[in-house]
Amino acid sequence: MSAENKPSPSDKKVKKPLTIKQKSFLISGAVHLFILVSLLVSFKFTAKPVDLAIGNKDTQAPVIIEATFIDSNVLAQNKREKEQAEAAAKRKRELDAANKRKELQRKKQEREDAEKAKRKKAADDKKKKEENERRERELQEQARLAKEKAEQERLEKIRQEKLAEERAAQDRAMQEQMQAEQAERNERRQRQILSELEIAISKIRARIEQNLIQTGSVAGKSCRLQMRIAANGLVLDAVGTGDDSLCLTLRSAALRAGTLPMPKDKDVNDKLRDVTLVWVNE
């Protein structure tokens with residue numbers, strides 16, 4: 001056959017290798033077939049011909065079966081093949097049993113893993129639930145504390161406002177009392193100053209009049225004498241408004257008096273530093 005007619009490797013069908021189970025069945029079948037054929041060919045069934053001339057039917061020779069023994073090598077080969085087939089079958093059974101045990105172990109492991117995962121999920125769910133409950137309790141406690149704090153702050157604010165109002169009322173009352181007392185003191189002081197001022201003016205008027213030199217009649221005459229007096233009573237200046245002769249006479253008398261009697265009370269003394277005296281003669 002030429003190279004052109006040879007089939008390409010791709011044209012050949014790829015034979016799949018036989019499995020162990022298929023090989024075992026083929027070997028077992030071949031062994032049994034071989035044993036059966038050997039037994040059939042090892043026996044020869046022959047009948048010795050009857051001499052009809054000599055004997056009769058009753059004297060005919062029996063059928064003799066001649067057996068031919070099989071070679072010991074064939075038997076050994078058959079035995080080996082049988083043992084190999086049995087060993088292959090045993091290996092197959094052991095392999096199947098091992099695979100079955102592995103499958104059972106795998107399923108058992110799967111069940112154990114599933115149970116373990118189930119227990120883990122249950123534990124995780126329980127832990128998550130407990131954590132959520134704990135957080136919920138914490139939130140509730142925080143809300144309760146916040147509410148209590150807000151209520152305490154509200155009550156404290158009300159108390160502080162009440163205290164502030166009370167203090168303000170007390171301050172106002174005290175301030176009013178102080179103002180009233182101060183007004184009373186001021187009024188008493190003013191009355192005292194006015195009284196002392198009247199006394200001091202009377203004394204100053206009397207001192208001036210002691211030094212007054214009349215040169216004529218003063219009837220019907222009047223004069224307003226404005227004086228500036230030092231704290232020690234020294235007359236610094238005197239200006240009269242009214243009758244000129246009377247005013248001149250009064251001014252001269254004030255200057256001749258030297259030092260006028262001044263009160264020791266500073267407030268009264270200050271009011272007399274710039275004072276106006278009026279003389280009216282009818």
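Q: Among contacts between residues at least 6 apart in sequence, what share joins residues at least 24 apart?
A: First, some ground rules: this is a predicted model, where local features need pLDDT of at least 70 and side-chain atom pairs count only at pLDDT 80 or more, while totals for chains, interfaces and linings use all residues. Residues are numbered from 1 along each chain as its sequence is written, and side-chain values use heavy atoms, leaving out hydrogens and water. A contact means heavy atoms within 4.5 Å. Of the contacts in the chain between residues at least 6 apart in sequence, the share that joins residues at least 24 apart is 71%.

Q: In what order do the elements of the chain run from the N terminus on?
A: Helices (H or I, at least four residues) and strands (E, at least two) are DSSP runs, numbered from the N terminus. The chain has four helices and five strands. Read from the N terminus on, they go α-β-β-α-β-β-α-α-β.

Q: How far does helix 2 reach from its first C-alpha to its last?
A: Helix 2 covers residues 72–210, which is 139 residues. The expected span is 1.5 Å times one less than the number of residues, and here that comes to 207 Å. The model's helix 2 is close to that, reaching 194 Å.

Q: Is N78 buried or exposed?
A: N78 sits in helix 2, and its C-alpha is 7.4 Å from that of I35, 43 residues apart along the chain. Buried means under 20% relative accessible area, exposed over 50%, and partly exposed in between (1.4 Å probe, protein chains only). N78 has a relative accessible area of 9%, so it counts as buried.

Q: Which strands stand at the edges of the open sheet?
A: Two strands pair if DSSP finds at least two bridges between them. Three strands make an open sheet with antiparallel pairing, in the order 4-3-5. A single partner strand each leaves one side without a neighbour in the sheet, so the edges belong to strand 4 (235–242) and strand 5 (274–280).

Q: How many bridges join strand 3 to strand 4?
A: You can pick out some partners yourself: R224 stands opposite T241 in strand 4, and M227 has A238 there as its bridge partner. Strand 3 (residues 222–229) runs antiparallel to strand 4, and the number of bridges joining them is seven.

Q: Which residue in the hairpin of strand 3 and strand 4 takes a positive phi?
A: That hairpin has five residues between the strands. The residue with a positive phi, near 100°, is G233.

Q: Which side chains of strand 3 point to the buried face?
A: Side chains alternate along strand 3. S222, R224, Q226 and R228 point to one face and are not buried. On the other face, the buried ones are C223, L225, M227 and I229.

Q: Which residues have the most contacts inside the largest nonpolar core?
A: A nonpolar core is a set of buried Ala, Val, Leu, Ile, Met, Phe, Trp, Tyr and Cys residues joined through side-chain atoms within 4.5 Å. The largest has 24 residues, and helix 2, strand 3, strand 4, helix 3 (244–256) and strand 5 each give two or more residues to this core. I204 touches residues including M227, L272 and L277, not counting residues up to four places away in sequence. Those with the most contacts inside the core are I204, I208, M227 and L272.
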